[in-house]
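Opening the notebook on a new model today. I want to go through the sheet, then the helices around it, then a couple of single residues.

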Amino acid sequence: AVVGMLTGCVQGEFFPQVNAATARVLALEGCDVLIPPGQGCCGALSVHAGRPDQARRLARRTVRAFRRAGVDTVVVNAAGCGSSMKEYGELLGEEPGFRVMDLSEFLVALGPVAERHPLPVTVAYHDACHLAHAQGIRAQPRELLRGIPGLELREVPDAAICCGSAGTYNIFQPEAARDLGDRKAEAVASTGAGLLVSANPGCTMQIAAAMRRRGAGIRVAHTAEVLDASLRGVAL
């Protein structure tokens, strides 16, 4: 497959290693990965903030960048971005001319190619709301993680409850978001897992901060990073 890859704003600035891992995983699974310049912000945060005109302007720029690249599939590793980009048809009044797929959704549909090496780690997987609720993607990340030898996947209690990040919610409603974050951190801690895996950068930062407040910091990673370590046979 030949795919385009969104680098994103928050993901690109705070978690560039996730983008690098995403590109490597796609390449190891047999894909040619195109990362067009000038893609900019996809408009998701503007949608979350109730700024549709700004969102449309940013979305059109992103669409132009991927159209110029000539791809028919754009793979996204940030749940909030993927959710908004899948609604470009409604936002812009026309379809963008390419399909948008979350990384886990795409990889499961593609099927495994590269060998998975063992990773002896216990993982608590967090369902990002924009992935689980908005996109209906719950099974695919778990399928990818369970396909790694030696990895033990542990479910987080009350997994469907928001962590409080929710796009820009934790900025504009910090007290309520903090309460949600503390509840999510307690649920994650109850699993006894050594690694928290999430598919959204906002969630990752929100839960990690709440865990630190508890005095129980936890390592965090994206699904792409876990797969990348397994495919390359390196420590996570």
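Below are my notes, in the order I looked things up.

**Entry 1: the sheet**

First reminder to myself: this is a predicted model. I started with the strand order. I get an open sheet of 4 strands, ordered β6-β5-β7-β8, and the pairing is parallel. Which strands stand at the edges? They are β6 (151-155) and β8 (219-222); each has a single partner strand, so one side of each has no neighbour in the sheet. I also looked up the twist: on average, neighbouring strands here are turned by 35° against each other, direction ignored.

**Entry 2: going through the pairs**

I took the pairs in sheet order. β5 and β6 are parallel and share 5 bridges. In that pair, I find V123 opposite L153 of β6. On the β7 side, V123 stands opposite L195. So much for V123; next I checked the β5 to β7 pair as a whole.

β5 and β7 run parallel and are joined by 3 bridges. A124 has L196 of β7 as its bridge partner. From β7 the chain passes through helix α12 (residues 201-213) to reach β8, and I note this β-α-β crossover as right-handed.

The last pair is β7 (residues 195-198) with β8, parallel again, over 4 bridges. L196 turns up here too, this time opposite V220 in β8.

**Entry 3: how covered are the strands?**

I looked up burial for two of the strands. β5 is mostly covered, with 4 of its 5 residues buried. For β7, I checked each face: L195 and V197 are buried on one side, L196 and S198 on the other, which leaves both faces covered.

**Entry 4: helix α9 and its partner**

Which strands does helix α9 lie across? I find α9 (residues 139-146) across β5 (121-125), β6 and β7, and its direction is at about 150° to β6.

Then I looked at what α9 packs against. Helix α7 (residues 103-110) meets α9 at an angle of about 65°, and the axes are 8 Å apart. The α7/α9 crossing is left-handed. I listed the contact residues: α7 brings S104, E105, L107 and V108, while α9 brings Q140, P141, E143 and L144. Sorted by class, that contact comes to 4 nonpolar, 2 polar and 2 charged residues.

**Entry 5: V108**

I picked V108 out of that contact for a closer look; it sits in helix α7. Buried or exposed? Neither, as it turns out: V108 has a relative accessible area of 25%, so I put it down as partly exposed, the cut-off for buried being under 20%. Not counting residues up to four places away in sequence, V108 touches Q140, E143 and L144. I also checked V108 against A27: they are 81 residues apart in sequence, and their C-alpha atoms are 15 Å apart in space.

**Entry 6: A132**

A132 belongs to helix α8 (residues 129-132). Its relative accessibility is 2%, so I count A132 as buried. What does A132 contact, leaving aside neighbours within four places in sequence? I get D127, I137 and R138. For a distance check I took P112, which is 20 residues from A132 along the chain; the C-alpha atoms of the two are separated by 22 Å.

**Entry 7: helix α13**

Last stop, helix α13 (residues 223-232). How many of its 10 residues are buried? I count 9 of them, so the helix is largely enclosed by the rest of the structure. The buried ones are T223, A224, E225, V226, L227, D228, A229, S230 and L231; I note that E225 and D228 are on that list. Just after α13 comes G233, and I wrote down its positive phi of about 70°.

How values were computed:
Residues numbered from 1 in each chain as written. Predicted model: local features only at pLDDT ≥ 70, side-chain atom pairs only at ≥ 80, totals over all residues. Heavy atoms only, no water. Pairing = 2+ DSSP bridges. Axes fitted to C-alpha atoms, helices over the stretch in contact; angles between N-to-C directions. Contact = heavy atoms within 4.5 Å. Left-handed = near helix turned anticlockwise from the far one by under 90°. Nonpolar A, V, L, I, M, F, W, Y, C, P; charged D, E, K, R; others polar. Buried < 20%, exposed > 50% of the residue type's maximum accessible area, 1.4 Å probe, protein only. Right-handed = clockwise from strand over helix to strand, strands pointing away.
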